[in-house]
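Student: Could you take me through the aromatic rings in this model, and then show me what else sits around them? I'd like one part looked at closely before we wander off.

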Amino acid sequence: MPRDLTSDPSVTDAKATSDKAGGRVLLVEDEVPIREGLTELFQSQGFAVVALGDGLAALERAAGGGFDLVMLDIMLPGMDGLGVLTHLRSRGDHTPVLLLTAKGAEDDIVKGLEAGADDYVPKPFGIHELLARVKGLLRRAQLREREPKKLITVGEALIDLDQLVVRSPSGEVRLTARECSILEFLAARAHRPVGRDELLVEVWGYRDGSIQTRTVDVHMQQLRAKLKAVPGGAEWIGTVRGRGYRFEGPLSA
Ligand code: CA
């Protein structure tokens, strides 16, 4: 059973996750027990952790660069997590950001994804789920760095998977790493239905795709909203009733 970090801060037991990941994490969380618990957990997994409890201080610290991941609480003193995220992205910082959201705060989740968060974990969360999300984000970021430049042409638009942007005669639309992964996955299976469960396993890295299908819908809703700014973009992703989604944009070879 995953343990509930927010009610059980004494997290020292991470034996189930023996594969050490490594990397530099900026953790921004003002609740001391959670901050300390997470610091200990991630250090035990081989991460270097910088832990702060204030949004403004975090923004300043992030400017120095060198982080592989930012774990960001939303309710923070100084500047809230959404403000921190917005500032990071507006200065061209694409470090993967995982939001720690309050339970049922759907509004925050949507705003966070819109502001460029790559993923979120609602509190209370289990350590195994959290570690799986973090490792998934890091893995995808590393893959992106290693791969040659990737472009997908759809009608008049160009999806730049490296720069996380869609360019078209109407201008640029910024995407999150997750949104790019979704588009890439769907476009590779154009005109075929792709299930939510398949997306959860292949794009999110979940072991069990039958859980949390709402996650896919939240991301898809946000992605579609962004694509409306691209000519024809509103038609790129169709819904397949009872199944999932299908890429329907005019792909060029
Ligand atoms: Ca907080």
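Tutor: Sure, let's start with the rings. Searching the whole structure turns up two aromatic pairs. To pair, rings of Phe, Tyr and Trp (its six-membered ring) need centres within 6.5 Å; planes under 30 degrees apart are called stacked, over 60 edge-to-face, and the rest tilted. One pair is F42 with F47, which is edge-to-face, with 5.2 Å from centre to centre and 65 degrees between the planes. Both F42 and F47 are buried, where buried means under 20% relative accessible area, exposed means over 50%, and partly exposed is in between, using a 1.4 Å probe and protein chains only.

The other pair is W236 with F247, and this one is tilted: the centres are 6.1 Å apart and the planes make 45 degrees. It links distant parts of the chain, as W236 is in the loop between α8 (213-227) and β11 (237-240), while F247 belongs to strand β12 (residues 244-247), 11 residues apart. Helices (H or I, at least four residues) and strands (E, at least two) are DSSP runs, numbered from the N terminus. W236 has a relative accessible area of 1%, and F247 has 0%, so each of them counts as buried.

Before going on, a word on the source: this is a predicted model, where local features need pLDDT of at least 70 and side-chain atom pairs count only at pLDDT 80 or more, while totals for chains, interfaces and linings use all residues. Residues are numbered from 1 along each chain as its sequence is written, and side-chain values use heavy atoms, leaving out hydrogens and water.

Some rings have a charge for company. That label needs NZ of Lys or CZ of Arg within 6 Å of the ring centre and within 35 degrees of the ring normal. R24 has its charged end over the ring of F67, 4.9 Å from the centre, and R189 lies over the face of F185, at 3.6 Å from the ring centre.

Now look at the calcium ion. It is coordinated by D30 (OD), D73 (OD) and M75 (O), at 2.1 to 2.3 Å. Donors are N, O and S atoms within 2.8 Å of the metal (3.2 Å for Na, K and Ca), and sites may look incomplete because water is not among the atoms. Along the chain, the donors follow the spacing D-x42-D-x1-M. D73 is buried at 4% relative accessible area, whereas M75 is exposed at 65%.
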